[in-house]
Amino acid sequence: MPSEPRIPTEPTLEELSAYLDHELDDDARARVAEHVAGCPDCQARLDGLRQTAYAIRALPMETPTRTFTIPAKPRESFRWAPVAGWIGGVAAAMLIIVVGVQNLHFPGTATTAGEGTALHSNAAPAARPAAPLAQSGAGTQMYDSQTASKAVLSNAATVSDPRNPSRMLTLSTNAASYSSTGTMTVELRLLGLPPGRTALVSLLLERNGFAVLLPTGSGPLDASGYRGTYQLANLALPHPVAGSYTLIAIEWLPDGNGELIARLPITIQG
Amino acid sequence: MDDRDLVGRARRGDPEAFTQLMMQYQVPLYNMALRMVGGPDDAADIAQEAFTRAWQKIRTLRDAPFKSWLFQIAANLCYDHFRRGRRYGEMPDEESNKVIGLGILTPDPQERAEASERNRLVRESIEALDHDMRLAIILRDVNGMAYDEIAGVLGVPLGTVKSRIARARAQVQEHLQRYPDFFPSTREDAHAE
């Protein structure tokens with residue numbers, strides 16, 4: 001007499017949850033799948049766990065409320081650095097990093113430091129380069145007239161991703177030197193992003209290991225990039241303000257990979 | 001450049017390499033702390049302290065993955081936070097705190113309000129979990145870590161991770177089911193996948 005098909009043992013809560021996460025070995029996964037396929041109750045249990053996990057995963061990833069800093073050297077006693085602002089002196093060389101990881105384009109999130117706008121919302125399409133910029137060497141930064149001529153702004157640098165040379169970041173400004181009360185226009189171009197992809201970008205003005213964040217709108221940028229203007233008098237620059245700075249743009253993909261760093265020398269005169 | 005290269009440079013005292021690691025992990029680390037302790041300021045304190053300790057101890061890191069090690073530091077700081085008797089803070093509200101998430105833009109004000117209310121209920125349900133379960137499910141469903149990564153962070157066997165996540169999900173589900181509109185069409189949605 002043929003035996004009747006046997007439904008595998010009812011999975012435990014742990015097995016259903018791990019099944020959802022693809023964290024069961026092959027045998028257990030097959031056993032759970034077979035059972036669930038023939039058991040409406042377990043289908044309902046699995047659906048409930050799945051919907052719960054989705055609800056938690058739908059929580060927004062939020063932006064840190066402040067900058068994070070590190071001491072100049074590891075394993076060194078240190079004093080906490082101010083969260084924002086500048087500390088003079090080489091001994092206190094700290095790195096101030098801010099990530100403006102914001103995704104939703106809410107109005108009214110601009111800070112007083114800048115008046116940036118995302119190009120995809122404001123820029124005229126005609127202002128975009130007609131063709132991708134010339135490639136720089138892998139992982140290197142390029143300052144040349146070709147880049148400058150294709151960028152909207154005159155002072156430009158381009159870096160490319162060594163793993164994907166067609167992906168490039170161009171950082172440009174309307175000048176290389178400004179008065180301390182001047183207005184600096186900055187443009188970012190993100191070339192080679194896959195269609196529909198966005199990238200996270202931080203823009204910093206750095207001197208002697210300290211940096212101030214320049215806000216870049218309210219969310220990740222797409223291939224259309226970003227242009228913003230910054231009143232230098234409104235930035236928390238060190239005193240004396242005059243000096244040699246580096247404008248740094250850091251782009252990376254939301255999965256945390258593929259960072260590109262472009263640097264531009266900027267002079268601020270007193 | 002992957003973590004190993006950056007960690008190698010950071011171990012040799014390169015602050016720029018560590019800075020890149022910080023940039024890579026500050027959002028997930030901050031959000032882990034935020035979902036654990038609730039308050040944005042406390043979460044930022046924990047993230048800051050975790051980065052500082054990691055930087056100071058980076059030379060002691062050998063073969064362990066940096067990510068797990070960093071999150072372990074932050075997880076311990078979260079437990080310290082609870083041990084110091086700080087109450088679980090008011091759960092952050094993305095509207096009032098102007099914190100903007102990585103979710104999908106919901107342009108309709110009513111839909112945004114509904115999404116905000118759903119998120120509030122989810123945060124409330126996570127808050128109701130004990131610390132161990134809370135951390136496990138945050139690492140899984142907020143940070144997207146694999147079970148073995150979570151085991152590395154928590155220093156517990158895989159079976160414990162599996163159990164904590166499952167029980168946490170069951171408790172969160174039970175909490176959310178108190179609100180009849182939360183799972184309006186669970187079965188249909190699931191079957192449509």
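## Helix 1 of chain A

Right after helix 1 of chain A sits A:His22, which has a positive phi near 55°. Helices here are DSSP runs of H or I with at least four residues, strands are runs of E with at least two, and both are numbered from the N terminus. This is a predicted model, in which local features need pLDDT of at least 70 and side-chain atom pairs count only at pLDDT 80 or more, while totals for chains, interfaces and linings use all residues. Residues are numbered from 1 along each chain as its sequence is written, and chains are lettered from A and ligands numbered from 1 in the order in which they are written.

Helix 1 itself (residues 13-20) is largely enclosed by the rest of the structure, because 6 of its 8 residues are buried. Buried means that 20 or more other C-beta atoms lie within 10 Å of a residue's own; 12 or fewer makes it exposed, anything in between is partly exposed, and C-beta atoms are placed from the backbone. The buried ones are A:Glu15, A:Leu16, A:Ser17, A:Ala18, A:Tyr19 and A:Leu20. Their cover includes helix 2 (26-37) and helix 3 (40-57) of chain A, and chain B also chips in with its helix 8.

## The strands of chain A

Chain A has 5 helices and 13 strands, and 41% of its 270 residues count as buried. Among its contacts between residues at least 6 apart in sequence, 63% join residues at least 24 apart. A contact here is a pair of residues whose C-beta atoms, placed from the backbone, lie within 7 Å.

Strand 8 (residues 183-191) has 7 of its 9 residues buried, so it is largely enclosed by the rest of the structure. Strand 8 pairs antiparallel with strand 6 (residues 164-173) over 6 bridges, and A:Leu171 has A:Leu188 as its bridge partner there. Strand 8 also pairs with strand 11 (residues 226-231), again antiparallel and over 6 bridges; in this case A:Met184 is matched with A:Tyr230. Pairing calls for at least two DSSP bridges between the strands.

Strand 12 (residues 243-252) gets two partners as well. Strand 9 (residues 200-207) joins strand 12 through 7 antiparallel bridges, with A:Val201 opposite A:Glu251. Strand 13 (residues 260-269) runs antiparallel to strand 12 too, over 9 bridges, and there A:Gly243 faces A:Ile268.

## Chain B and its kinked helix

Chain B is a different story: 9 helices and 0 strands. Of its 193 residues, 44% are buried. For contacts with a separation of 6 or more, 65% come from residues 24 or more positions apart.

Helix 2 of chain B is worth a look. With 21 of its 23 residues buried, it is largely enclosed by the rest of the structure. There is a kink of about 50° at B:Tyr25, shortly before the proline B:Pro28; the bend is the angle between axes fitted to the seven residues ending at a position and the seven starting there. The helix spans only 29 Å between its end C-alpha atoms, where a straight one of 23 residues would span 33 Å at 1.5 Å a residue (the expected span is 1.5 Å times one less than the number of residues). Just past its end, B:Gly38 takes a positive phi of about 95°.

## The nonpolar core

The largest nonpolar core has 104 residues, and those with the most contacts inside it are B:Leu29, B:Ala33, B:Ala47, B:Ala50 and B:Ala74. Helix 2 (residues 15-37) of chain B gives the largest share, 13 residues. Such a core is a set of buried Ala, Val, Leu, Ile, Met, Phe, Trp, Tyr and Cys residues joined through C-beta atoms within 7 Å. Leaving aside residues up to four places away in sequence, B:Ala33 touches B:Ala43, B:Ile46, B:Ala47, B:Ala74 and B:Cys78.

B:Tyr79, in helix 4 (residues 66-83) of chain B, is partly exposed, with 13 other C-beta atoms within 10 Å. B:Tyr79 and B:Asp132 are 53 residues apart in sequence but 9.3 Å apart in space, C-alpha to C-alpha.

## Confidence

The predictor gives the complex an ipTM of 0.84 and a pTM of 0.56. Chain B has a mean pLDDT of 83, with 80% of its residues at 70 or more; pLDDT is the predictor's confidence in each residue, from 0 to 100. Among the chain B elements, helix 8 (residues 158-176) has the highest mean, 97, and helix 9 (residues 186-192) the lowest, 45. Over residues 186-193 of chain B the pLDDT is below 50, and this stretch has 8 contacts beyond near neighbours in sequence. Residues 87-107 of chain B also stay under 50, with 55 contacts beyond four places in sequence. Where pLDDT is low, the predicted coordinates should not be read in detail.

Definitions and conventions:
Contact = placed C-beta atoms within 7 Å.
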